[in-house]
Amino acid sequence: MEAVFRGMWVIAYRDLLRFVQERARLISSFAMPLLFLVIFGAGFSRVIGNLTPGVDFIQFIYPGIIAMSVLMGSLMSGLSVVWDREFGFLREVLVAPLSRTGIVLGKAGGTALIALGQGLVMLVLAPFVGVTISPMMVLKLIPLLIIVSVSLSGLGILIASRMRSQQGFQMLVQIIIMPLVFLSGVFFPVNNVPAWLEVISKINPLTYGVDAIRQVFLGAELPAMVGSAGNPGYAIGVTVFGHTMSVLDDAMVIAALGIVLLTAAVWSFNKQE
Amino acid sequence: MNVIEVEALTKAFGRLKAVDGVSFNVPRGEIFGFLGPNGAGKTTTINVLCTLLRPTGGRASVNGFDVVKQPRQVQRSIGLVFQDPTLDEYLTAEQNLRFHAYAYHVPGAVREERIAGLLELVELSDRRKSKVSTYSGGMKRRLELARGLLHHPQILFLDEPTLGLDPQTRRHIWEYVLALRREEDLTIFLTTHYMDEAEHCDRIAIIDYGRVVALDTPDNLKDSMGGDVVTLEAEDNEKAVAELRERYNLSPEVNNGLVTFSVPHGDTFLPKFVRNFSNRLISVSVRRPTLDDVFLKLTGHAIRDQEADSWAQLRTMMRGHS
């Protein structure tokens, strides 16, 4: 047990140390979500207007952008594993008297902390996009963002556990990240889409992360709202088999996924030589 | 007492046996060398001993701990310097060492002092706050050496510690290693394909195609060659060969116009031979056999001093086992 905890904090410590020392990464991790927010917000909000009484488009995508920035930050966990393997540092880690489980959890924990930071920094933008924010909301968001980021870090590490090159990893992540983000309800409600798209969106775990974060921002009564056209298909919340997901439901889906991904990542890491 | 015990160790990658039934013991305090060409299985053996690879067969223990069953204890007992750099280049030297200290549970009370002392030893104190990416190859290797020693290991593994370094840095690294053995009571296990480095070892195992073909002190290995190597050139080499055969019962060979043969006590043999020789001699030399000669005799081929890229390693391994 001691080896697990030691592994966790040593690895997390080093990842955080590196993050604050790399200014380019520090800046780029905030630039991308900001770009999306500005482009999509400014570009679409005039055209789309209100989705639901009182919710304009930019208020709708803003929570989604936070989820997206956490997702992208979390997948960095995998990139850092591949990076360490390519530059040899992974050997120093693997021959140290640390448990592999601890190493994986430390990687996930460190990355999650960074991703959490990135998500929270995005909150500063709330007043500029017309979203009201209260301390209570931030308190709810923190555990939520931690669950989302730890789970998705598990995905990054799982992919990375067998990848040898950064290029390969980045390519794979591009292939995964694009559909994951676009089909997660960040940019449009997942109810008013063709049936096949709806199915894919509801399988996509990120959908539940986005939904939970959005509900924290826009209020719990939101999922039930019918939408501006008076059509149930325009409802913003996520409905699975007739059940509208609450924040807690969403969190449980993501947490369950995270446990599966991290277990798989630990297994894969333990087996590698 | 043996700190490393290896018995019939085998490691196969698919059908390729990189290590093929290797056995040896290393007593405490010894400098033990693995000498062999690239692809002979040296690095694979180290990787098994340091728990990075699981053996396919056989048994190995380090500091009394089984490498498969007690990996944590093994890891705590050893320090490593790998062939390829394993530093975090975006951190400073001090940060790299501190990471290592945390990972190996070096008590806080001695940590900073130990870090400062080791940086002093490898002469990097003035660069301790520089990022490793600004270091030269030799500086990185020195930093790795310091890091490998940080947690007071019992055994230090050095995998080709001076590969790719200039002669001056190589000599430097060796000075540290020899000083360390005196001061820290370390056992040192190293691999090399440089003959002159093998000379520094108390004992060496010559390894080729995954097998240990000889294991002894450098002097004994050289003595096993049957004495000194004499090279001479006569006006009539044929005549010299015949005389050596008939009168002294030796087996000389002629290469590139030079007659070469091994003889015990070459220094006393030579004056006697010259006095009695019926032909005119042009040149004559006597030298102690080198480990090169030993390697050539034992394996039938010279040690290949090629680049250590993985393809070359794979090819050499394939050649040996197909």
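1. In this predicted model, four residues of helix α5(B), namely Gly138(B), Arg141(B), Leu145(B) and Leu149(B), meet Thr169(B), Ile173(B), Tyr176(B) and Leu180(B) of helix α6(B). Sorted by class, the residues of this contact between α5(B) and α6(B) are five nonpolar, two polar and one charged.

2. As for the geometry of this pair, helix α5 covers residues 137-149 of chain B and helix α6 covers residues 167-184 of chain B, and the two pack at an angle of about 10° with their axes 10 Å apart. Because angles under 35 degrees count as roughly parallel, α5(B) is described as roughly parallel to α6(B). The crossing that α5(B) and α6(B) form is right-handed.

3. A second pair of helices can be read in the same chain, where helix α3 (residues 93-103) of chain B packs with helix α4 (residues 108-121) of chain B at an angle of about 130°, their axes being 10 Å apart. This angle makes α3(B) oblique to α4(B). The crossing of α3(B) and α4(B) is, again, right-handed.

4. Which residues make the contact of α3(B) and α4(B)? From α3(B) come Ala93(B), Glu94(B), Leu97(B), Arg98(B) and Ala101(B), while α4(B) provides Arg111(B), Ile115(B) and Leu119(B). In the contact of α3(B) with α4(B), five residues are nonpolar and three are charged, with no polar residue among them.

Definitions and conventions. Residues numbered from 1 in each chain as written. Chains lettered and ligands numbered in written order. Predicted model: local features only at pLDDT ≥ 70, side-chain atom pairs only at ≥ 80, totals over all residues. Axes fitted to C-alpha atoms, helices over the stretch in contact; angles between N-to-C directions. Parallel < 35°, antiparallel > 145°, perpendicular 65-115°, else oblique. Left-handed = near helix turned anticlockwise from the far one by under 90°. Contact = placed C-beta atoms within 7 Å. Nonpolar A, V, L, I, M, F, W, Y, C, P; charged D, E, K, R; others polar.
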